[in-house]
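Please take me on a short tour of this structure, telling me at each stop what to select in the viewer and what can be found there.

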Amino acid sequence: MIYRHVAVIDGEMVHFEILDTAGQEEDSLQIEEKIKWGDGFAVVYSVTDRCSFDEVMRLCFLINHLHASPKRSAAEQPPVVIVGNKKDLQFDRMVSTEDGENLSKALKIPFYEISTRDSYEEPVAVFSSLYQELLRQGHFSPGSFKRRTVSKLMEKIPKMQASSTLNSAGRSLSFNSFRDYIPE
Ligand SMILES: Nc1nc2c(ncn2[C@@H]2O[C@H](COP(=O)(O)OP(=O)(O)OP(=O)(O)O)[C@@H](O)[C@H]2O)c(=O)[nH]1
């Protein structure tokens, strides 16, 4: 599923296309195609699910491997963040904050613990940090969009018909069809 989200970051309108992968249900070819498509990555596990945490390292290596190229230095690898979700479920926790922090240190990847149920700001901070890192690497300039046509991958992804709006703290997230928007 692809979500389109427009956010204002540092006074700039930023158009996100967020591809939500299905995690363990996907075969490796599918996930590799999707990883090649992305500019930045939030590798999300649930703090209540040890198996999802155990997948994080493999996915981070896969991202690095698929985006490695002679032209790209290590510092120019696509930005990745590790995100432990569902921190509100303290009694069901199977992955400690320390586990997340240790993995983050080992892989040198920023780490966030969030609750998408309890907080609007925490997920926003995750995507803002990915965007800031892309800006820092010089892939985008504020207010501009990378030129990209709809790839073959996109044709395989079911068109999202539904439109919905989530309101939180007076702000709104819009989820629209991806195909009505091709960034310039
Ligand atoms: N308590 C709590 N529940 C959450 C949170 N985030 C998601 N959920 C719930 O967890 C369930 C799974 O959420 P999804 O968004 O489908 O998770 P997913 O990782 O996309 O799932 P897969 O695509 O199956 O891998 C839903 O019932 C959500 O309501 C959270 O931060 N706290």
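How many residues line the second largest pocket, and which of them lie nearest its centre? Keeping in mind that this is a predicted model, begin by selecting Gln77, Pro78, Val80, Lys108 and Ile109, which lie nearest the centre of a pocket lined by 21 residues. The space in this second largest pocket comes to about 430 Å³.

Next, colour the elements that give two or more residues to the lining of this pocket, namely α3 (56-67), β4 (80-85), α4 (97-107) and α5 (121-137). Of these, select α5 by itself, since with five residues α5 gives the most to the lining. If you then colour the lining of the second largest pocket by class, you will find 14 nonpolar residues, together with four polar and three charged ones.

Stay with helix α5 for the next stop, and show the side chains of Glu122 and Lys87, which meet in a salt bridge with an N to O distance of 2.9 Å. Because Glu122 belongs to helix α5 while Lys87 sits in the loop between β4 and α4, the pair ties together parts that are 35 residues apart in sequence. This salt bridge is one of nine that the structure holds.

Now turn to the ligand and select the 10 residues that surround it, the closest being Asn85, Lys86, Asp88, Thr116 and Arg117. By class, this shell divides into five charged, three polar and two nonpolar residues.

Finally, show the side chains of Asn85, Ser115 and Thr116 beside the ligand. A polar side-chain atom of Asn85 is 3.0 Å from a nitrogen atom of the ligand, and an N or O atom in the side chain of Thr116 is 2.7 Å from a ligand nitrogen atom. For Ser115, a polar side-chain atom lies 3.4 Å from an oxygen atom of the ligand. On its own the ligand has 650 Å² of accessible area, of which the protein covers 45%.

Key:
Residues numbered from 1 in each chain as written. Predicted model: local features only at pLDDT ≥ 70, side-chain atom pairs only at ≥ 80, totals over all residues. Heavy atoms only, no water. Near = heavy atom within 4 Å. Polar contact = N/O pair within 3.5 Å; in protein donor to acceptor, adjacent residues only side chain to side chain. Areas by Shrake-Rupley, 256 points an atom, 1.4 Å probe, with all protein chains shown as cover. Nonpolar A, V, L, I, M, F, W, Y, C, P; charged D, E, K, R; others polar. 1 Å grid on protein atoms, 1.4 Å probe; cavity = no way out; pocket = protein on both sides within 12 Å on 5 of 7 lines; lining within 4 Å. Points joined across faces, edges and corners; volume = space filled by probe spheres on them. Helix = DSSP H or I, 4+ residues; strand = E, 2+ residues; numbered from the N terminus. Salt bridge = Lys/Arg side-chain N within 4 Å of Asp/Glu carboxyl O.
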